[in-house]
Amino acid sequence: MRVLQEAVATSRVEIAASQADNEELRKTNKKLRRDLQQAGEHVVDERAPPIPLRARPMSFSQAIMDTALPTTSLGPKVTFTGVEDPEAHLTVFHTQMMLIGGSDAVYCKLLMSTLACTTLEWFVSLPDGHITTFDQFATLFRE
């Protein structure tokens with residue numbers, strides 16, 4: 001218990017230091033922008049404008065995209081990064097989904113929500129509208 005308390009205390013100190021560093025960087029950035037504007041330089045916001053949600057490509061068919069998720073559950077509590085066994089992940093996913101229930105489209109959306117790292121990159125690289133059923137998605141996922 002003492003080790004855990006020390007770890008929490010250390011984390012709090014590190015977080016506070018990080019927050020202080022971030023605040024200092026924000027102040028420096030703000031000052032630099034103000035100095036550039038005063039010098040007559042045009043300041044360009046380097047962040048790209050947000051892409052509208054519908055403009056983003058989506059591997060699911062429109063029918064799946066149009067299906068609303070149930071608001072009564074949070075979804076499966078499992079993540080797949082690509083190093084785990086896909087079959088084991090699907091087994092855990094199915095087990096948790098038995099408690100939640102839902103349509104084929106809900107299964108698709110909630111399986112997608114468990115993907116991370118390279119598997120999420122794989123998913124978004126699929127052609128628009130490619131996935132039309134959960135069985136198809138599960139087969140592609142296994143492969």
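How many helices and strands does the secondary structure of the protein come to? In this predicted model, the count is 6 helices and 0 strands. Read from the N terminus, the order of elements is α-α-α-α-α-α. The protein has 143 residues, of which 21% are buried. Its exposed surface is about 10,500 Å², and carbon and sulfur atoms supply 59% of that area. Among contacts with a separation of 6 or more, 64% join residues 24 or more positions apart.

The largest nonpolar core contains 20 residues. Within this core, the residues with the most contacts are Phe60, Phe93, Cys108, Phe123, Ile131, Phe134 and Phe137. Two or more residues each are contributed by helix 3 (86–100), helix 4 and helix 6 (134–142). Helix 4 provides the largest share, with 6 residues. Cys108, one of the core residues listed above, has a relative accessibility of 0% and therefore counts as buried. For Phe93, the contacts beyond four places in sequence are Pro76, Tyr107, Leu110, Leu111, Thr114 and Phe134. Phe134 thus appears both as a contact of Phe93 and among the residues with the most contacts inside the core.

Thr114, another contact of Phe93, is placed in the loop between helix 4 and helix 5 (117–125). The relative accessible area of Thr114 is 1%, so this residue is classed as buried. Apart from residues up to four places away in sequence, Thr114 touches Pro76, Val78, Thr79, Phe80, His89 and Phe93. Pro76 is accordingly listed for Thr114 and also for Phe93.

Cys117 belongs to helix 5. Its C-alpha atom is separated by 8.2 Å from that of Phe80, a residue 37 positions apart from Cys117 along the chain. Phe80 is also one of the residues touched by Thr114. The backbone of Cys117 has a phi near 55°, which is a positive value in a residue other than glycine. Is Cys117 buried or partly exposed? With a relative accessibility of 48%, Cys117 counts as partly exposed, whereas Cys108 is buried at 0%. A disulfide is a covalent bond between the sulfur atoms of two cysteines. The search of the whole structure returned 0 disulfides.

Charged side chains were examined next. Side chains of opposite charge can pair when their charged atoms come close. The structure holds 2 salt bridges. One of them joins the side chains of Arg26 and Glu23, with an N to O distance of 3.2 Å. Both residues are located in helix 1 (residues 2–38), where they are 3 residues apart, about one turn of the helix. Glu23 has a relative accessible area of 35%, so it is partly exposed.

The other salt bridge is formed by Glu87 and Arg142, whose closest N and O atoms are 2.8 Å apart. This pair links distant parts of the chain, with Glu87 in helix 3 and Arg142 in helix 6, 55 residues apart. Glu87 counts as partly exposed because its relative accessibility is 38%. Arg142 is likewise partly exposed, at a relative accessible area of 40%. The two helices linked by this pair are also among the elements that give two or more residues to the largest nonpolar core.

Which side chain of opposite charge is nearest to Lys109? Asp66 is the nearest, at 7.2 Å. Lys109 is buried yet has no salt bridge; the cut-off for such a bridge is a nitrogen within 4 Å of a carboxyl oxygen. Lys109 is situated in helix 4 (residues 104–112), the element that supplies the largest share of the core. Beyond its neighbours within four places in sequence, Lys109 is in contact with Phe60, Ile64, Met65, Thr67 and Leu69. Of these contacts, Phe60 is also listed among the core residues with the most contacts.

Methods
Residues are numbered from 1 along each chain as its sequence is written. This is a predicted model: local features need pLDDT of at least 70, side-chain atom pairs count only at pLDDT 80 or more; totals for chains, interfaces and linings use all residues. Side-chain values use heavy atoms; hydrogens and water are left out. Helices (H or I, at least four residues) and strands (E, at least two) are DSSP runs, numbered from the N terminus. Buried means under 20% relative accessible area, exposed over 50%, partly exposed in between (1.4 Å probe, protein chains only). Contact means heavy atoms within 4.5 Å. Accessible areas come from the Shrake-Rupley method with a 1.4 Å probe; for residues, only the protein chains shown count as cover. Lys and Arg count as positive and Asp and Glu as negative; His and the chain ends are not counted. A disulfide is a pair of cysteine sulfur atoms within 2.5 Å. A nonpolar core is a set of buried Ala, Val, Leu, Ile, Met, Phe, Trp, Tyr and Cys residues joined through side-chain atoms within 4.5 Å.
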